[in-house]
Amino acid sequence: MMNTEHNCIKGWLMDNNRNKRKKRRIIVAIILLFFIFLWLNNTSLFTQRREMPYKFLAHRGLAQVFDESKANWDSNTAEMIETPTHGYIENTIPSMKAAFDLGATAVELDVKLSKDGQLAVFHDSTLLYRCGVNGEVQDYTMEQLKKMDVGYGYTADGGKTYPLRGKGIGMMPMLNEVLDTFPDKDFVIEIKDGKIETYKVFWENMSSLAPERLDKFSVACSVDEGADYLRSQSKTLKVMSKNSLITALVKYELMAWSGYIPEEMKNTELRIPLSYAKFLWGWPYKFMERMDGVNTRVELTAGGSGLSEGFDTIESIGSVPKDFSGFIWTNRINVVNPDTVKK
């Protein structure tokens with residue numbers, strides 16, 4: 001009797017161990033299959049590379065340069081410039097033309113609303129730094145702004161000399177002037193105002209454009225309300241705000257391993273530092289294939305968290321993935337452009 005009970009217990013233990021081993025094998029197989037799925041779904045190995053080289057995005061055209069990593073949103077960058085090697089001034093039509101002539105596919109520019117409801121192309125929160133005039137763009141009519149000298153405040157030696165003073169009179173353009181001058185070019189339009197009125201005026205100007213023309217723009221908004229307004233007016237206009245960019249990338253990291261693309265990643269502009277881009281699911285080619293499929297423009301910046309740090313040396317270009325098909329951000333289109341990179 002005892003032998004029978006012993007054998008029963010022994011048999012039960014053996015069956016139980018076999019079941020445990022079987023369960024462990026199943027769990028291991030499931031985990032292994034999950035990681036195989038994860039790899040297959042996000043690897044760029046099988047993604048067709050279109051042999052389309054990256055495109056150059058010139059920050060504010062061909063501009064005077066300074067150390068972007070040392071600049072804050074309210075810095076007087078006109079007093080931070082290096083000794084000028086050319087006479088071009090940011091956010092002016094000549095500087096944009098020079099950038100396009102050097103091989104830029106797109107130019108980033110900044111707009112603010114004037115007192116009489118015009119979209120002036122200008123960056124700073126104050127006119128003082130560059131124009132030597134108190135107040136903001138919103139305090140003056142476009143006619144008054146046109147009389148100002150946008151090169152007035154530039155100095156590379158602490159105010160001993162002002163090499164661009166007198167050379168920027170009448171050169172602050174309206175957005176419409178820029179778009180009329182370059183009817184077939186790509187632009188990243190950064191709306192610097194926090195007023196919803198500015199976004200309404202902007203859309204009034206854009207709404208009559210043909211869809212293929214609008215497709216050449218992406219819009220960076222300084223406030224979420226402005227971005228929300230533009231999205232409510234157009235489902236295809238590429239729109240971004242800083243918060244929407246962060247939300248989109250976080251949701252992508254949480255969901256895109258499965259192949260699902262969050263709505264926040266669609267019809268937008270993604271300005272991503274290379275150091276962060278490396279951790280995106282599917283980077284680089286699978287990721288770019290996904291973004292192309294949802295009408296999203298990808299702009300790659302250099303450095304860490306700074307969204308204006310560019311690929312400004314030939315050496316820095318070496319870190320850009322081969323056959324990357326998006327835009328690379330540069331503050332020195334005269335140094336980094338298709339001709340110099342080929343050499």
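Which residues does Glu108 touch, not counting residues up to four places away in sequence? In this predicted model, the answer is a list of nine names: Leu57, Ala58, His59, Arg60, Gly61, Asn91, Val188, Glu190 and Trp329. Glu108 itself belongs to strand S2, which covers residues 106–113. Although Glu108 is buried, it has no salt bridge. The nearest side chain of opposite charge belongs to Arg60, at a distance of 4.4 Å. A salt bridge requires a side-chain nitrogen of Lys or Arg within 4 Å of a carboxyl oxygen of Asp or Glu, so a separation of 4.4 Å does not qualify.

Arg60 does take part in salt bridges elsewhere: it is linked in a network with Glu90, Asp110, Asp124 and Arg130. Glu190, which is also among the residues that Glu108 touches, has a charged partner in Lys192, with 3.3 Å from N to O. Within this pair, Glu190 is buried at 16% relative accessibility, while Lys192 is partly exposed at 26%.

These pairs belong to a longer list, as the whole structure contains 19 salt bridges. Side chains of opposite charge can pair when their charged atoms come close. One example is the bridge between Asp67 and Lys70, where the closest N and O atoms are 4.0 Å apart. Here Asp67 is partly exposed, with 35% relative accessibility, and Lys70 is exposed, with 61%. Another salt bridge joins Lys251 to Glu264, and its closest N and O atoms are 2.7 Å apart. Lys251 sits in helix H9, whereas Glu264 sits in the loop between H9 and strand S7 (269–273), so this bridge ties together parts that are 13 residues apart in sequence. Both partners are partly exposed, Lys251 at 29% and Glu264 at 31%.

Helix H9, which spans residues 242–255, also holds Ile246. This residue helps to form a nonpolar patch on the surface together with Val250, Leu254, Met255 and Tyr260. Together the five residues have about 470 Å² of accessible area. Ile246 is partly exposed, with a relative accessible area of 44%. On the spacing of such residues, a general rule is helpful: an α-helix has 3.6 residues a turn, so residues three or four places apart point the same way.

Attention now turns to the strands. Strand S9 (residues 327–330) is covered on both faces. Phe327 and Trp329 are buried on one side, and Ile328 and Thr330 are buried on the other. Trp329 has already appeared as one of the residues that Glu108 touches. S9 pairs with strand S1 (residues 55–59) in the parallel sense over 4 bridges, and in this pairing Phe56 stands opposite Ile328. S9 also pairs with strand S8 (residues 297–301), again in the parallel sense, over 2 bridges. There, Glu299 stands opposite Phe327.

Helix H2 (residues 93–101) has its own set of buried residues, namely Ser95, Met96, Ala98, Ala99 and Phe100. Their cover includes S1, S2, strand S3 (119–121), helix H5 (175–181) and strand S4 (186–191). Just after the helix, Gly103 takes a positive phi of about 115 degrees.

Met240 offers another view of a buried position. It lies in strand S6 (residues 238–241) and is buried, with a relative accessible area of 5%. Its contacts, not counting residues up to four places away in sequence, are Val219, Ala220, Cys221, Arg231, Leu245, Thr268, Glu269 and Arg271. The C-alpha atoms of Met240 and Ala227 are separated by 6.4 Å, while the two residues are 13 places apart along the chain.

Finally, some backbone details deserve a look. Most residues other than glycine have a negative phi, and most peptide bonds are trans. Against that background, Trp283 and Pro284 are joined by a cis peptide bond, with omega about 0 degrees. Pro284 is placed in the loop between helix H10 (274–277) and helix H11 (285–293). Asn295 is not a glycine, yet it has a positive phi of about 60 degrees. Asn295 is found in the loop between H11 and S8 and is partly exposed, at 23% relative accessibility. Asp323, likewise not a glycine, has a positive phi of about 65 degrees. The loop between helix H12 (314–317) and S9 contains Asp323, which is partly exposed with a relative accessible area of 26%.

Note on methods: Residues are numbered from 1 along each chain as its sequence is written. This is a predicted model: local features need pLDDT of at least 70, side-chain atom pairs count only at pLDDT 80 or more; totals for chains, interfaces and linings use all residues. Side-chain values use heavy atoms; hydrogens and water are left out. Buried means under 20% relative accessible area, exposed over 50%, partly exposed in between (1.4 Å probe, protein chains only). Lys and Arg count as positive and Asp and Glu as negative; His and the chain ends are not counted. Contact means heavy atoms within 4.5 Å. Patches are made of residues with over 30% relative accessible area and no salt bridge: like charges are joined within 9 Å, nonpolar side chains (Val, Leu, Ile, Met, Phe, Trp, Tyr) within 5 Å. Accessible areas come from the Shrake-Rupley method with a 1.4 Å probe; for residues, only the protein chains shown count as cover. Two strands pair if DSSP finds at least two bridges between them.
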